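Reader: I am new to reading protein models, and I would like to go through this one step by step. Could you take my questions in turn and show how each answer is reached?

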Amino acid sequence: MWQRKMGFMWGNQMKRVVRTFKEHPFLTSSFVIAFAVTLFFVMRMVVFTVYWSDPAHRDQKVQNWMTPGYVSKSWDLPREDIEALFKSLNLPIERKSIGRIADENGISVDELTRQIEAVIAAYRANQ
Amino acid sequence: MIDSVLELVPKYGLYIVVMSTFLSCLAVPIPSSLIMLTAGAFVASGDLSGFGAATLALVGAVVGDQVGYAIGRSASGVLDRLRGKAAVMVSKARNLTQTHGGIAVFSSRWLFSPLGPYMNLVTGAAQMNWFRFTIWGVAGEIVWVTIYLGAGYIFASQIEAIASIGSNISGVLAAGIVTIGLGQWLRAVVKADPRTK
């Protein structure tokens, strides 16, 4: 008995939804789309949060866009250490990305990155 | 994608800060939040001036808002010529901006920032008082600049993580508030229907 009643109520609800959609197609579909977009961002937010909460993903690598100052700030490396490296390679310390400094001074970015990582490793080993 | 944006900031410095905040207020799809976070990180590393970044970001955003508002305002004449049901809706919208426009402008600068550019056009078209628009707008942009530059400064070494999580949070908030608004509108429509018990 109650199943039949539930079925009847459910049918009524469905009819109402269909009727609302028929009478206000633009409003109803906008609502559905906005709701879907919200869900999409919620899911993405969860995925990214899980991804970045893994410490392995958080340990960033030295990359082209970083400046010498940014490297020293991010790895808690004394500025003098990185300045000493740049001096030994005859590179100017500038407010430019290391990719650009390497390009402008005819040294490969990979080589410069390796050298910087070696300085970081040496500094950490001494800590 | 994030990497190429990160490259631009040390290359163009404060120019990119002012241009991105200006253009993003006009709905040009520019990752201005990411640029602001990156600028904050480069302030922390001593590559950018903090005062310069904050001032230019604010100037870019406020001028962008004004241009958006002016475009909306110039279209408001068209709305005046509407008749019938459309005219009723326009007058309703104008009343709504007079009562709630301030808080809508303020919160769409930072909390629901993806909606900001459209809010400029709508409030302009609805002829919201210019002075009120400007006061609330500037206040909201100050909050926005502080949050993004500040987050970039504090989380300088985690810039990619902050940027990707942050952009999703603003997506959830903006899409969420639109969904709630449309949902309430839909509810009002269904309730007004005499066949609904």
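Reader: From the N terminus on, which pattern do the elements of chain B run in?
Author: This is a predicted model, and that should be kept in mind throughout. Chain B holds eight helices and zero strands. From the N terminus on, its elements therefore read, with helices as DSSP runs, as α-α-α-α-α-α-α-α.

Reader: How many helices and strands does chain A have?
Author: Read along the sequence, chain A follows the pattern α-α-α-α-α-α-α. Counting those elements by kind, chain A has seven helices and zero strands.

Reader: What radius of gyration does chain A have, set beside that of a compact globule of 127 residues?
Author: The C-alpha atoms of chain A fill a box of roughly 85 × 35 × 20 Å along the principal axes, and 19% of the 127 residues of this chain count as buried. A compact globule of 127 residues would have a radius of gyration near 14 Å, but the value for chain A is 29 Å.

Reader: In chain B, what share of the 197 residues count as buried?
Author: The C-alpha atoms of chain B fill a box of roughly 65 × 35 × 25 Å, taken along the principal axes. Among contacts in chain B with a separation of 6 or more, residues 24 or more positions apart account for 83%. Of the 197 residues of chain B, the share that count as buried is 42%.

Reader: Which helices of chain B do the buried residues of α2(B) pack against?
Author: Helix α2 of chain B covers residues 14–24, and its buried residues include B:Ile16, B:Val17, B:Val18 and B:Phe22. These buried residues of α2(B) pack against three helices of chain B, namely α1 (2–12), α3 (32–44) and α4 (50–80).

Reader: Which helix gives the most to the largest nonpolar core?
Author: The largest nonpolar core has 48 residues, and among those that touch the most other members are B:Val17, B:Leu37, B:Ala57 and B:Leu149. The helix that gives the most to this core, with nine residues, is α3(B).

Reader: With which residues is B:Ala57 in contact, leaving aside its neighbours within four places in sequence?
Author: B:Ala57 is one of the residues that touch the most other members of the largest nonpolar core. Leaving aside neighbours within four places in sequence, the contacts of B:Ala57 are B:Val17, B:Thr21, B:Met36, B:Val145 and B:Leu149.

Reader: At what angle do the axes of α3(B) and α8(B) cross?
Author: Two packed helices are described by the angle between their axes and the distance between the axes. Residues of α3(B) that meet α8(B) include B:Ser33 and B:Leu37, while those on the side of α8(B) include B:Ile162 and B:Gly166. The crossing of α3(B) past α8(B) is right-handed. The two axes come within 10 Å, and their crossing angle is roughly 145°.

Reader: Which helix gives the most to the side of chain B that touches chain A?
Author: The contact takes 31 residues from chain B and 32 residues from chain A. On the side of chain B, α1, α3 and α8 (159–192) each supply at least two residues. The helix that gives the most, with 17 residues, is α8(B).

Reader: Is A:Trp75 buried or exposed?
Author: A:Trp75 lies in the loop between α4 (68–74) and α5 (79–88) of chain A. A residue counts as buried if 20 or more other C-beta atoms lie within 10 Å of its own. Because A:Trp75 has 20 other C-beta atoms within 10 Å, this residue is buried.

How values were computed. Residues are numbered from 1 along each chain as its sequence is written. Chains are lettered from A and ligands numbered from 1 in the order in which they are written. This is a predicted model: local features need pLDDT of at least 70, side-chain atom pairs count only at pLDDT 80 or more; totals for chains, interfaces and linings use all residues. A residue is buried if 20 or more other C-beta atoms lie within 10 Å of its own, exposed if 12 or fewer, and partly exposed in between; C-beta atoms are placed from the backbone. Helices (H or I, at least four residues) and strands (E, at least two) are DSSP runs, numbered from the N terminus. Two residues are in contact if their C-beta atoms, placed from the backbone, lie within 7 Å. The radius of gyration is taken over C-alpha atoms; the globule rule is 2.2 Å times the number of residues to the power 0.38. A nonpolar core is a set of buried Ala, Val, Leu, Ile, Met, Phe, Trp, Tyr and Cys residues joined through C-beta atoms within 7 Å. Axes are lines fitted to C-alpha atoms, for helices over the stretch in contact, and angles run from 0 to 180 degrees between N-to-C directions. A crossing is left-handed if the near helix is turned anticlockwise from the far one by less than a right angle, and right-handed if clockwise.
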